[in-house]
Amino acid sequence: MKKIYPFSFYLLYFGAGACFFPYIVLYYQSLGFSGAQIGILSAISPLISLIGAPFWTGIADVSHRHRLVMSITLLAAIGMVILYPFVKTLAAVLVLVSLYSFMIAPVNSFADTATMTMLGDQQNMYGRVRVGGTIGWGVIAPIAGLMIAKYGLNWAFWLYAVILFIGFLVSQRFLYSEVKQQVSIKHGMSELFSNRRMVLFLATAFVTGMALMSINSFLGAYMGGLGIEKSLFGFALAIPIIVELPVLFFANRLLVRLKPHGLLVLAMFATMLRLFLYATFTSAAGILVFQLINGFTFATLWVAGVSYINENAPPGLSATTQGVFGATVFGFGAAGGGFMGALLLERVGGPQMYGIFGVLMLVMLIVYVLFERRLPKIQYAEV
């Protein structure tokens, strides 16, 4: 039972996302927003996450009320999404997107923290639990697509709200660490960012997040620029979901063999390889084959990162540090990758864009491998 609740939550949480995120730009377009306006709405979410995730996880760590804070943010996010069909102006939508992003930002970090607590001495099984999210997205996405095509875009919001509310009910069975330690967010974060090994890890997560954002956000534009038929886009998007399943399921074996450090190196190498392949081979068949590498990019990055943070967070600040990690990848990394990728795509084209990101990953990989082992081990004074 210690696995079924987080597994079910991931399934519902990411399944709800499959109803919402693929259709949000279409909804903006249906409101008549320009490309620049849609760009602003798309960029604001990861930037707001930079504030929201550490803010809420910090409150939870200090108050030791993780389930309560998670419940508040989840219910608020559901309420915001329900309001989407009723707002029509850019200003109103911008406010709603900002509030939603602020409330939903810490939810994944809370789930990861609860999962690691509930797994106890089986924490290397995290990937096998997290695979629920991949299954949820893969199963619910086609069902949502059929319903939205038949009943309209508003059903993207209704389905998201209903499924995520069921996820909220499941989250009430989450357990968190019972250590009632007085913690100082200021002192803990000061120690966190003064440790050079942790800073190097977060810098690596940031650069890898940028690279993954360039793949996830611009693959369709890249394929379109090469004249590849749009009918192949769906296959290109489905393949990564399928190959994540075995990698997450057997991530425990990878963790035992490689440890978080080695798994992170594997994620960086796979991401770099994938980028260089996109830059070099531009046939449709090649791109579909390269999508198979996805299982060793995001999946290994996330398992390595959650495990690394769980082992090295300041005492009493595990949720906060997971929030910092999530904000680094999906906040700084996503925003930086989206901004840099858009500029490069326009100025040099898709293959060259991926080549530049590949070089960036190669440099970061070399820096991490050379310096990580030479830096002092992570140690914290009592907070």
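Select E372 and R197 to begin: both residues are buried. The model on screen is a predicted one. With the two side chains displayed, look for the salt bridge in which E372 and R197 meet, at 3.6 Å from N to O. E372 sits in the segment after α16, while R197 belongs to helix α10 (residues 196–225), so this pair ties together parts of the chain that are 175 residues apart in sequence. A search of the whole structure finds 1 salt bridge.

**Surface patch on α16**

From E372, step back to helix α16, which covers residues 350–371 and contains I366. Select I366 together with L362, L370 and F371, and switch on the surface: these residues form a nonpolar patch there. Together the members of the patch have about 350 Å² of accessible area. How exposed is I366? Its relative accessible area is 44%, and I366 counts as partly exposed because that value falls between the 20% and 50% limits.

**The cavity**

Next, hide the surface and go to the interior space. The structure holds 1 cavity of 30 Å³ or more, and the volume of the largest cavity is about 30 Å³. To see its walls, select Y126, R130, E244, L248, F298, A299, W302 and V303.

Which helices supply at least two residues each to this lining? They are α7 (126–151), α11 (233–249) and α14 (298–312). Colour these three helices separately, and α14 will stand out as the source of the largest share, with 4 residues. By residue class, the lining divides into 6 nonpolar and 2 charged residues, with no polar ones.

**Along α11**

Stay on α11 and select I242, which is found in that helix. Is I242 buried or exposed? At 54% relative accessibility I242 counts as exposed, because the limit for that class is over 50%. Now add L292 to the selection and draw a C-alpha to C-alpha distance: the two residues are 8.5 Å apart in space and 50 residues apart in sequence.

**Two stops on α3**

Move to helix α3, which runs over residues 35–63. One residue to pick in α3 is S45. S45 is partly exposed, with a relative accessibility of 25%. What separates S45 from F330? Their C-alpha atoms are separated by 9.4 Å, although the residues are 285 apart along the chain.

Further along, select P54, which is also found in helix α3. P54 counts as partly exposed at 24% relative accessibility. Put a distance line between the C-alpha atoms of P54 and S109, and the separation is 9.4 Å for a pair 55 residues apart along the chain.

**Two positive phi angles**

Where α3 ends, go on to H64, in the loop between α3 (35–63) and α4 (66–83). Check the backbone here: H64 has a positive phi of about 60°, although this residue is not a glycine. Most residues other than glycine have a negative phi.

Where is the other residue to check, K259? Select helix α12 (residues 251–280), and K259 is within it. The phi of K259 is near 65°, again a positive value in a residue other than glycine. The settings of the two residues can be set side by side: H64 is in a loop, whereas K259 is in a helix.

**Last stop: F168**

Finish at F168, in helix α8 (residues 154–171). Is F168 buried or exposed? F168 is buried, because its relative accessible area of 11% is under the 20% limit. With F168 still selected, add T73 and draw the C-alpha to C-alpha distance, which is 10.0 Å. Along the chain, F168 and T73 are 95 residues apart.

Definitions and conventions:
Residues are numbered from 1 along each chain as its sequence is written. This is a predicted model: local features need pLDDT of at least 70, side-chain atom pairs count only at pLDDT 80 or more; totals for chains, interfaces and linings use all residues. Side-chain values use heavy atoms; hydrogens and water are left out. On a 1 Å grid over the protein atoms alone, a cavity is a set of points where a 1.4 Å probe fits but cannot get out, and a pocket is an open set with protein on both sides within 12 Å along at least five of seven lines; lining residues have an atom within 4 Å of a point. Grid points are joined across faces, edges and corners, and a volume is the space filled by probe spheres set on the points. Ala, Val, Leu, Ile, Met, Phe, Trp, Tyr, Cys and Pro count as nonpolar, Asp, Glu, Lys and Arg as charged, and the others, Gly among them, as polar. Patches are made of residues with over 30% relative accessible area and no salt bridge: like charges are joined within 9 Å, nonpolar side chains (Val, Leu, Ile, Met, Phe, Trp, Tyr) within 5 Å. Accessible areas come from the Shrake-Rupley method with a 1.4 Å probe; for residues, only the protein chains shown count as cover. A salt bridge is a side-chain nitrogen of Lys or Arg within 4 Å of a carboxyl oxygen of Asp or Glu. Buried means under 20% relative accessible area, exposed over 50%, partly exposed in between (1.4 Å probe, protein chains only).
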